[in-house]
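Hi,

Here is the structure I said I would pass on. Have a look at it first, and my notes follow underneath.

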Amino acid sequence: MSTFFLILILLFGFLITFQIAKASEYVGVLKGEKKNFEQNNKVNGFLMIVFLVLGLIGVYWCNEIYRGKILGESASVHGEQIDTMLYITIAITGVVFVITQILLFWFAYKYQYSEKRQAHYFPHNNRLEVIWTVVPAIFLTVLVGFGLFYWFRITGEAPADANQIEVTGKQFGWIFRYPGKDHTFGKKYYQNINDGANNQLGLLWDDPYSHDDVVTGEMTIEVNKPVKLIINSRDVIHDVGLVYFRQKMDAVPGTPTTLWFIPKFTTEEMKKREGNPAFDYEISCDQMCGKGHYTMRGVIKVVSHEQYVIWLAGQKSNYDQVMAAKTPAVAEKN
Amino acid sequence: MSNEASIHPVTETSHDVHLDEHAMHHHKETFITKYVFSQDHKMISKQFLITGMIWAIIGGLMSVLFRLQLGYPDEHFQILQDVFGSKWAANGQIQPEFYYALVTMHGTILVFFVLTGGLSGTFANFLIPLQCGARDMASPFLNMLSYWFFFGASIVMLTSLFIETGPAAGGWTSYPPLSALRDASEGSKGGMDLWITSMAMFVVSSLLGGLNYISTILNLRTKGMSMTRLPLTIWAILFTAILGVLSFPVLLSGLILLLFDRHAGTSFYLSDIFIAGGKALPNEGGSAILYQHLFWFLGHPEVYIIILPAMGLVSEVLSVNSRKPIFGYMAMVGSLFAITVLAFLVWAHHMFVTGLNPFLGSVFVLLTLLIAVPSAIKVFNWLTTLWRGNIRFTPAMLFAIGFVSTFISGGLTGIFLGNSTLDIQLHDTMFVVAHFHIVMGVSGILGMFAGIYHWFPKMYGRYMNNVLSYIHFWITFAGAYLIFWPMHYEGLAGLPRRYLDYRQWISFNQFGDLNRFISTVAMITFAVQLLFVFNFFYSIFKGRRVMSRNPWGSTTLEWTAPIRPGHGNWPGEIPEVHRWPYDYAKDGREFIPQTEPLGSKESAH
């Protein structure tokens with residue numbers, strides 16, 4: 001009922017607007033074309049400057065409101081570099097934005113039609129054109145320079161001592177694998193995947209390296225230690241989005257990708273820093289992957305070195321779990 | 001008579017009307033040949049325009065629906081369930097599959113059917129013969145086919161909205177494997193096949209049109225119309241057509257491979273897939289990333305296919321209504337050319353986080369940021385065109401100024417995204433959505449509005465209502481900024497795009513109020529577009545009549561044709577051209593038409 005009411009109001013609004021518009025057109029004809037044009041022109045010229053002023057105030061105000069809500073604490077070393085790059089870019093583009101928008105609306109206002117004014121015939125000026133080809137080019141070179149400097153640092157090889165963790169996306173969740181004590185991932189083959197038999201990744205039990213591989217539904221990593229993620233997908237393209245670590249990488253079926261970073265704060269520390277007791281590092285899927293895309297959430301616990309060692313020691317390998325399920329009696333003896 | 005016409009009185013009124021009548025009865029036309037299977041470029045242009053407008057309303061309405069869900073995730077709108085049924089809108093809420101179908105179709109429709117078909121189709125067809133001084137396109141028949149392929153593509157796409165499993169729902173980019181696997185999503189069933197079919201027809205339409213535009217511009221210019229005497233609209237359309245002809249076939253090839261993967265058991269894009277529900281597919285060795293390369297090889301030029309014609313229209317409108325020549329004509333042509341070349345060399349900046357080799361990524365960073373240079377030249381030239389002008393704020397002029405403003409804003413955020421380092425944080429977030437809506441969506445549509453308002457008198461021999469136009473402009477312009485400016489902040493906070501609901505996320509749930517605000521403004525802005533549609537159709541039949549040939553005091557050729565030109569455009573000889581199209585305010589004269597010979601002491605531009 002209320003919907004129909006709303007539509008009715010809308011139609012009514014349309015009708016009134018239209019009638020006013022039609023009437024003012026007639027009034028315009030009565031007033032004389034020229035006078036009507038000049039009045040309209042004045043109003044629109046004035047609105048140009050109003051728009052500029054309100055717009056700039058709006059931009060400032062928007063900044064004030066959302067400053068605290070964007071870019072939560074950058075929790076990785078790479079993140080700091082990305083934030084620095086962001087501030088450099090905001091500064092340069094911000095200046096250009098303010099200057100050009102002011103010029104645009106100011107010119108529109110200042111040079112609005114007047115009977116006395118004669119437009120200035122000014123078809124080109126080579127010096128001016130060279131200036132605004134060269135100056136932007138210089139600023140862009142600076143931005144490219146900084147950008148690529150950080151880019152190669154961030155996408156460069158992970159340090160040799162980095163912990164390796166394999167992340168696999170599926171509709172709609174994440175699976176994590178740790179290489180175990182031998183620091184080597186066992187072989188896997190996707191045809192071997194069997195959710196019913198607790199082999200979500202299709203590990204090959206013939207390969208002894210796979211026997212100590214730990215498979216979990218939540219990721220735990222240690223603070224201040226480089227971690228390298230090897231990213232896979234089981235079905236469609238997903239994306240490992242780590243907003244606090246400022247990292248992102250697609251998970252592509254058939255083509256493993258990698259990223260690495262150094263977490264700076266444990267989850268507990270971040271709870272205090274963010275002032276949010278419910279805080280958790282989240283993995284968001286950032287590549288459209290189907291109807292559950294927006295629910296594809298993973299959790300990363302960042303813990304101290306000691307906690308990490310204890311946690312890892314407490315994990316049962318995927319192989320042991322499977323074997324235990326097959327022969328319960330043997331498993332219990334072990 | 002127009003408000004503006006009285007300032008530059010032209011005394012040829014009764015003569016014009018007589019010529020109109022004469023031209024109309026040049027050769028006998030039935031309703032079918034005149035309005036349906038017309039080969040007159042002007043009618044084809046109107047067909048493109050009106051089809052595009054219908055699509056714009058449908059596509060816009062879709063955005064209202066999904067913004068409703070984003071802005072008011074707790075509400076239950078009974079009417080949604082009544083209209084769309086309980087599969088798509090159970091309990092009056094947009095269901096995930098419906099949401100993804102909506103965003104996918106919104107993107108496809110607006111990018112291809114409105115801002116490519118609607119924009120290029122309308123203004124290339126309308127302006128090329130009229131501004132070059134030609135009777136019609138090089139091949140009127142192919143031109144007609146171009147529209148009817150577009151129409152066919154439209155019908156197929158429209159049909160896909162009504163099938164049981166819904167239309168395509170994998171995003172407008174339709175990345176495989178999601179779009180290749182029927183089991184991965186409802187939208188990857190029949191809807192996807194219709195999407196591919198429709199897009200294939202669209203590509204055919206675009207190629208037929210593009211080849212025609214290029215050959216007409218190169219071969220059918222009137223006497224004296226050298227390339228450097230062409231208005232910038234025509235230059236922009238020429239480059240647009242070249243972009244389209246070279247890149248659309250690549251998309252088609254990508255889609256054909258996708259079709260093979262879907263139905264012929266090939267593995268171009270598929271490898272190592274275990275689909276939910278428990279079966280491992282036999283496909284091995286394909287590369288899902290290959291599709292992205294093929295798609296973006298069109299996909300990136302596509303955004304220039306949208307923005308270049310808008311730039312052309314805006315350049316013309318700015319110059320005419322500033323009563324000044326466009327500043328730096330050759331630089332404007334040169335920057336269009338530079339953008340066209342660079343458009344082919346930047347596609348992989350959409351793929352920085354796909355596992356692309358970082359070195360290759362760095363090359364694309366460099367090439368991408370290079371585009372900012374010609375873009376900056378254009379912006380500064382537009383600003384200088386306004387400087388010391390004598391500006392008339394016609395509705396078209398307002399939209400042109402709006403275009404420059406949004407193009408600056410959106411262009412600058414492109415510098416963020418083109419920088420791979422920042423793209424790591426911003427990729428696939430709401431920042432991207434805000435960026436391309438401002439720079440491509442809003443700018444493109446503002447440019448299109450500028451064109452419609454400016455050439456409406458030429459198209460229909462009547463004016464649109466000024467007051468409605470002003471209301472339309474100011475609300476649209478302010479609305480666009482209110483919608484998309486704050487959206488950048490969501491993106492900086494890392495909010496992923498294409499999310500239906502952010503409330504379960506600890507990292508992303510801080511913008512509930514903002515989403516409600518954006519949705520509300522979006523609905524108001526959409527409603528105002530309906531006002532424009534009403535104004536458009538009302539004015540075709542009831543608008544004030546145009547009484548002089550050249551109501552805006554313009555120099556270009558289309559304004560030397562009769563008020564309602566018949567098929568063939570000029571009743572007698574095609575006028576000869578003697579000068580460039582931007583002789584405004586020269587030698588103390590308000591404007592000098594292109595058809596006027598140079599004075600004995602006058603220097604050519």
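Before the helix pairs, one convention: the axes are lines fitted to C-alpha atoms, for helices over the stretch in contact, and the angles run from 0 to 180 degrees between N-to-C directions. Keep in mind too that this is a predicted model.

**Helix pairs in chain B**

Start with helix α9 (residues 288-322) and helix α12 (residues 372-386) of chain B, whose axes come within 9 Å and cross at roughly 20 degrees. That makes α9(B) roughly parallel to α12(B), since angles under 35 degrees count that way. The crossing in which α9(B) passes α12(B) is left-handed. On the α9(B) side you will find Met311(B), Leu318(B), Ser319(B) and Ser322(B), and they meet Lys378(B), Trp382(B), Thr385(B) and Leu386(B) of α12(B). Sorted by class, this contact has four nonpolar, three polar and one charged residues.

α12(B) has another partner in helix α10 (residues 329-343) of chain B: the two pack at an angle of about 150 degrees, with their axes 9 Å apart. α10(B) is therefore roughly antiparallel to α12(B), the cut-off being over 145 degrees. Here as well the crossing is left-handed. α10(B) contributes Ala331(B), Met332(B), Ser335(B), Ala338(B) and Ile339(B), while α12(B) contributes Pro374(B), Ile377(B), Lys378(B) and Asn381(B). That contact comes out as six nonpolar, two polar and one charged residues. Lys378(B) is worth clicking on, as it turns up in the contact with α9(B) and again in the one with α10(B).

Back to α9(B), which also packs against α5(B): their axes come within 10 Å and cross at roughly 40 degrees, so α5(B) and α9(B) are oblique to each other. α5(B) passes α9(B) in a left-handed crossing. From α5(B) come Val111(B), Leu115(B), Thr116(B), Leu119(B), Ser120(B) and Phe123(B), and from α9(B) come Glu302(B), Ile305(B), Ile306(B), Pro309(B), Ala310(B) and Leu313(B). The residues split into nine nonpolar, two polar and one charged.

**The core**

The largest nonpolar core has 276 residues, and those touching the most other members are Val314(B), Phe399(B), Ala400(B), Val404(B) and Ala450(B). Helix α5 (residues 96-132) of chain B gives the most to this core, with 22 residues. If you want a way in, try Val314(B): beyond its neighbours within four places in sequence, Val314(B) contacts Ala400(B), Phe403(B), Val404(B), Gly447(B) and Ala450(B).

**Where the chains meet**

The contact between the chains takes 103 residues from chain A and 108 residues from chain B. On the chain B side, helix α16 (residues 466-492) gives the most, with 11 residues. That side has 66 nonpolar, 31 polar and 11 charged residues.

One residue with contacts in both chains is Val365(B): setting aside neighbours within four places in sequence, Val365(B) touches Val144(A), Gly147(A) and Leu148(A), and also Gly418(B), Asn419(B) and Ser420(B). Val365(B) sits in helix α11 (residues 358-370) of chain B. With 24 other C-beta atoms within 10 Å, Val365(B) is buried, because 20 or more is the threshold.

**Backbone oddities**

Most residues other than glycine have a negative phi, and most peptide bonds are trans. Here are some exceptions to look at:

- The peptide bond from Gln171(A) to Phe172(A) is cis, with omega near -5 degrees. Phe172(A) is in the loop between β1 (163-170) and β2 (173-178) of chain A.
- The bond from Pro176(B) to Pro177(B) is cis too, with omega near 0 degrees. Pro177(B) is in the loop between α6 (140-160) and α7 (190-219) of chain B.
- Ser174(B), in the loop between α6 and α7 of chain B, has a positive phi near 50 degrees. Ser174(B) counts as buried, with 26 C-beta neighbours inside 10 Å.
- Asn224(A) has a positive phi of about 60 degrees and lies in the loop between β4 and β5 (227-233) of chain A. Asn224(A) is partly exposed, with 13 other C-beta atoms within 10 Å.

**And a loop residue in chain A**

Glu218(A) lies in the loop between β3 (214-216) and β4 (219-222) of chain A. Glu218(A) is exposed, with 12 other C-beta atoms within 10 Å. Past four places in sequence, Glu218(A) touches Val299(A) and Lys301(A).

Cheers

Definitions and conventions: Residues numbered from 1 in each chain as written. Chains lettered and ligands numbered in written order. Predicted model: local features only at pLDDT ≥ 70, side-chain atom pairs only at ≥ 80, totals over all residues. Contact = placed C-beta atoms within 7 Å. Helix = DSSP H or I, 4+ residues; strand = E, 2+ residues; numbered from the N terminus. Nonpolar A, V, L, I, M, F, W, Y, C, P; charged D, E, K, R; others polar. Core = buried A, V, L, I, M, F, W, Y, C linked by C-beta atoms within 7 Å. Parallel < 35°, antiparallel > 145°, perpendicular 65-115°, else oblique. Left-handed = near helix turned anticlockwise from the far one by under 90°.
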